[in-house]
Amino acid sequence: MSAQTYKKFENAGSTDLPDKMTIYQDCMNKFNESPISPKRCRILISRLLRLLLNGETFPETEATALFFSISKLFQHPNDSLRQMVYLAIKELSGMSEDVLMATSSIMKDIQNGSDLVKPNAIRSLAYVLDESTAFSAERLLKSAVVSKQPSVSSAALITSLNLLPISETTIKRFANEAQEAIGDLKQFPHSSGANSEYYPNSTFTTQYHALGLVYQLKKNDKMALLKLVKQLSDNGNLLKNQMAKVQLVKLVNDLVNRDNQLFPQFQPILFNWLSNKFESVQIETAKLITSFASSHKNARLVSPDLFASTISTLQGLLTVPRVTSRFAALRILNKISMTSPEKIVICNPELESLINDSNRNISTYAITTLLKTGTAKNISSLISTITKFIHDVSDDFKIIIVDAVRTLSLNFPQEWKSIVKFLIDVLKNSEGGLTFKNSIIEAIFDIVSFVPQSKEVVLENLCDFIEDCEYNEILVRVLHLLGKEGPFTSKPSLYVRHIYNRVVLENSIIRSAAVVALSKFALTKNDSTLKSSIISLLKRISNDQDDEVRDRATIALKLIDFTSADDENSLIAHDLLQSKKFYDLPSLENKLSAYLSSNTDSFSTPFDSASVRKFTEDEVKAMDLKRKQEQVFNNTSEGSRETPIDMSLESTTSIKEQRLDTETYHGASLDQHQEELVATKYADELMNVEEFKDFGSLINSSKIISLTEQEAEFVVSGVKHIFKKHVVFQFNIKNTLTDVALDNVAVVCTSEDAESSKLNETFTLPIDRLMPSIELQCYVAFEKDSDVVMEGFLNNLVFTTRELNPDTQEPYEDDEGFQDEYEIDPIYLNAGDYIESSFIGDFESAFDELPNEEIAVYNIQEDISLQEVIDKLVVNTSCLPLSNTQFAPNDSNSHTLKLFGKSALNGMKVALLIKMIKSSKGIVIKAQGRAEDEELCSDLVNGLM
Amino acid sequence: MGNYFSSMFDRLWGTNKELRILILGLDGAGKTTILYRLQIGEVVTTKPTIGFNVETLSYKNLKLNVWDLGGQTSIRPYWRCYYADTAAVIFVVDSTDKDRMATAAKELHMMLQEEELQDSALLVFANKQDQPGALSASEVSKQLNLVELKDRSWSIVASSAIKGEGISEGLDWLIDVIKEEQL
């Protein structure tokens, strides 16, 4: 009978979730019964847990009622029931505030309970205690930590770890016990049952948990951690547990990331670990070494021997039978391939054999890695391998591969032929959804815009493609590209035919896009027959049945008509047909939404589009390329940013653990888009200040430079704004004090060379009152007497401090405050501030064409890496690095950096060819600059550093 | 005849039905000590109860389910969660704590107004009689205003949990009352 009721209750095999309210009612009934039936209650709790683990929640009143009825089950001594009760308490602790009512009962079980329930009781302790009650568990926990029973000791260690953010002082007292537990090889209590030979005596997991706790307790004490590592690594057999060993590697990782000078002393240990019997330890060690080496300032601390054996360890792991190990090793290699592919070329044979791995994750990773390690020589053979492969993987993998090919095209522009062939082939012949096709189109568009010589081939192939394309979105994009690029090719009429075919055959969305594309061909230079045929085509279209298509055709005809006239209208019409300027989209978005939300004059004044910044095509391309380069770079640096020791132990759903996570996680820095928005915001705010209206339009703004430590009392950052005849320094000042307001905050800027300063301060706009944790701007304006002025300024923050009345948060009336000063970092105007980055397809010929030349040689004595010099040069000159020269190969001692930009004042182009050689004495830089403007050229070349 | 029935009920009770008894009172009154005095007959070292202790004990053929709820101010609001199906309340008073006698009286009367406790018997222990300066049972009774209680069986017993005096006398009375009322 009992078996039957059991079955009925469980309704085994059903995947549907039980009804929430039924479970709730059942729980309330059964748990409050007297006497209770332990078996039924256990089953009920398991169903309740199933609900909770599937993400269901109960409102607070119900959760509280559930908790109290579950707490009544403590009256029954059944161990299995008690275990379930603990599981339920842990889950409910997030929903009900009253879990502390279980404290006494839990503690009693920890003291007198059976070995079965003790670990459960200990683990639930972390969920019920708070700051004021934690100390009462101290003695219990301490004796549990040193318990001979591994599961009790583990539970106590984990609970201590979870209690750490709640009551640090209590847990700190366990340091010695936890330390002891690392070395203590605890065995499971000897069981004489028949099974004992099948089960290990211990897994030694306690070591892992103990190490985790000890790390948390000592993480701020570098010397203690060093001692710990030494102690644990000297005696190689002390740590038996695999996870504990991995943890130890992570600990070393943490140490060397905090102080990179420690790395050499760990090298012998790392060497050892690379051949550890556990694959996970090998992988973790390899990860440590490679991510450490990927940072340019650390690279030279890693001995070539160590790096080589790391790579060969990884190479070995690529052929092990375990999928996870293969995957992990491949992932590390992939990361290396993003910055220094040349280092892992030796793994190519293994990588190539992984292309056919049955695990798709691995094969895709192998391909993308190979694509990066690919040299100019083997690219075409690689691509033919992928062509075979790509047709039988899913869309997600296809997209990854296409993205990899896309970066390849940016790195090896000269290989565009085979790449384009591959892309066109997959575009035409492979099955796939919109996102996949779209990613191919993205890649093709990239090639068109950054590899000009590929243009005609690509366009012709795209024409073929649109003859048979099922996606409107893609067709519209292709038509737009044809319209943009087609008129400048050698045979524009070819494209006209393809585009017109679309007008005849497709739906109205595509027809209207085609009309716009067609109209652009009417402006093709010196081809009047083409123009007249376009006009006749458009006339035919203006009888189209769709309104939009008709309207577009009509307006296009009208505009074309205007262009033939020789007046002002002609220019406007030209611009409308084929615009050469593009709006700064973040700023346009901002202004439009501000316009819509203001609503004060109910839209009686039209939106002022002139106030939005516009960019020329080259500028857009420059920004685009920059963004893509940064993307690649962010991907690579991600590895080193991983949290050093991941402490998510067992209960991942725990609220308290999340608390721990948020404390260790430091928010990511502003991303690119946000940075743009901030820049736009600053520019807008600046232009709204009455005093600056006379300065004319803003020519250029620098990036945000921080002028104090982030932890300073007053955090200051600066932005340099350049106007035609003026310079404005914007200081963003944040008051981080809690009880003091600052009045009349201003910045006093003193020129470093006051005698010959070419800047005259005209006025300062101080901040009247800066309340705690508020950030406001103070502006200092200068008049400059020549176009380009380079100077440094020493800055002093001056202000009057006023103590705040804690009740009103207002300064005391009778307190006059006192004057104070605060020195902040100097701000430098350099040539780069007058430069905007710009894109050019063919750097060499552009460089040769520019008329004025200037050469300067620098000697840097400091011991810094080439990459650091490059980074600094790119920032200082504000130019765009071209042909992927912004990455210095790690193993080479020389590098050539190509930079291109143009003057923000007059749009004159400037190109820089910078050669660097690193020797034991430092770095020698030879900068060769060519520009349209002589002065700009010499200013830039002579003010590089 | 009546005897026969009652012994039959007794047997039924003894096997099936458990009696729920709550031990309440301000913090430090000696509730936990009384609970373990009842269960194991010894004095245990206690610390302030955060939450509750629950023990099942047999007393005169009856199964008693005794709940000792913590008396700290922060825990008192949760008492009511355990009122349901309570046969009797044992209210423990620290007879030496004259300053908080009024607080104890307030908590007691507030508790007794609860719907769920209308049918429960009340036993008050005037505890800590072994200590000098302890008020006598009648004085405590006066301070707690016990005479005002209507429609309820109640009794007050002077006790010392440390010495084990008065506890079983009180419980004997309580069991008799419960048996009487529930039959």
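Me: What counts as a salt bridge in this predicted model?

Reply: A salt bridge is a side-chain nitrogen of Lys or Arg within 4 Å of a carboxyl oxygen of Asp or Glu. The model is predicted, and in it Glu55(B) forms a salt bridge with Lys108(A), with 2.4 Å between the closest N and O atoms. Across the interface of chain A and chain B, the rule finds one salt bridge.

Me: How many residue pairs are in polar contact across the interface of chain A and chain B?

Reply: The rule finds eight such pairs, with both residues at pLDDT 80 or more. On the side of chain A that touches chain B, the elements that give two or more residues are helix 4 (60-71) and helix 6 (103-112) of chain A. Helix 6 of chain A gives the most, with five residues. By type, the residues of this side divide into six nonpolar, nine polar and four charged.

Me: What area is buried between chain A and chain B, and which residues of chain A lose the most area?

Reply: Buried area is the accessible area that two parts lose on being put together, summed over both. Between chain A and chain B the area is about 1,800 Å², and carbon and sulfur atoms give 55% of it. In chain A, Lys72(A), Gln75(A) and Met101(A) lose the most area to chain B, together 34% of what that side buries. In terms of contacts, 19 residues of chain A meet 20 residues of chain B.

Me: How is the fold of chain B to be described?

Reply: One begins with the elements and their order. Chain B has five helices and six strands, running α-β-α-β-β-β-α-β-α-β-α from the N terminus. Of its 183 residues, 50% are buried. Among contacts in chain B between residues at least 6 apart in sequence, 72% join residues at least 24 apart.

Me: Which side chain of opposite charge is nearest to Arg152(B), and how far away is it?

Reply: A salt bridge requires the nitrogen and oxygen to be within 4 Å. The nearest side chain of opposite charge to Arg152(B) is Asp119(B), 7.3 Å away, and Arg152(B) is buried yet has no salt bridge. A polar atom of the Arg152(B) side chain does lie 2.8 Å from the backbone oxygen of Ser120(B). Arg152(B) is placed in the loop between helix 4 (137-143) and strand 6 (154-158) of chain B. Beyond its neighbours up to four places away in sequence, Arg152(B) touches Leu112(B), Leu117(B), Gln118(B), Ser120(B) and Leu122(B).

Me: Where does Gln118(B) lie, and what does it touch?

Reply: Gln118(B) belongs to the loop between helix 3 (101-112) and strand 5 (121-127) of chain B. Leaving out residues up to four places away in sequence, Gln118(B) touches Leu112(B), Gln113(B) and Arg152(B). A polar atom of the Gln118(B) side chain lies 2.9 Å from the backbone oxygen of Glu114(B). Gln118(B) counts as partly exposed because its relative accessibility is 35%.

Me: How should a positive phi be read, and is Phe204(A) buried or exposed?

Reply: Most residues other than glycine have a negative phi. Phe204(A), which is not a glycine, has a positive phi of about 60°. Phe204(A) sits in the loop between helix 11 (175-183) and helix 12 (205-218) of chain A. With a relative accessible area of 17%, Phe204(A) is buried. Asn61(B) also has a positive phi, near 70°, and is found in the loop between strand 2 (52-59) and strand 3 (62-69) of chain B. Asn61(B) is exposed, at 72% relative accessible area.

Note on methods
Residues are numbered from 1 along each chain as its sequence is written. Chains are lettered from A and ligands numbered from 1 in the order in which they are written. Side-chain values use heavy atoms; hydrogens and water are left out. Helices (H or I, at least four residues) and strands (E, at least two) are DSSP runs, numbered from the N terminus. Buried means under 20% relative accessible area, exposed over 50%, partly exposed in between (1.4 Å probe, protein chains only). Lys and Arg count as positive and Asp and Glu as negative; His and the chain ends are not counted. A polar contact is a pair of N or O atoms within 3.5 Å; within protein, one must be able to donate a hydrogen and the other to accept it, and residues adjacent in sequence count only if both atoms are side-chain atoms. Contact means heavy atoms within 4.5 Å. Buried area is the accessible area (1.4 Å probe) that two parts lose on being put together, summed over both. Ala, Val, Leu, Ile, Met, Phe, Trp, Tyr, Cys and Pro count as nonpolar, Asp, Glu, Lys and Arg as charged, and the others, Gly among them, as polar.
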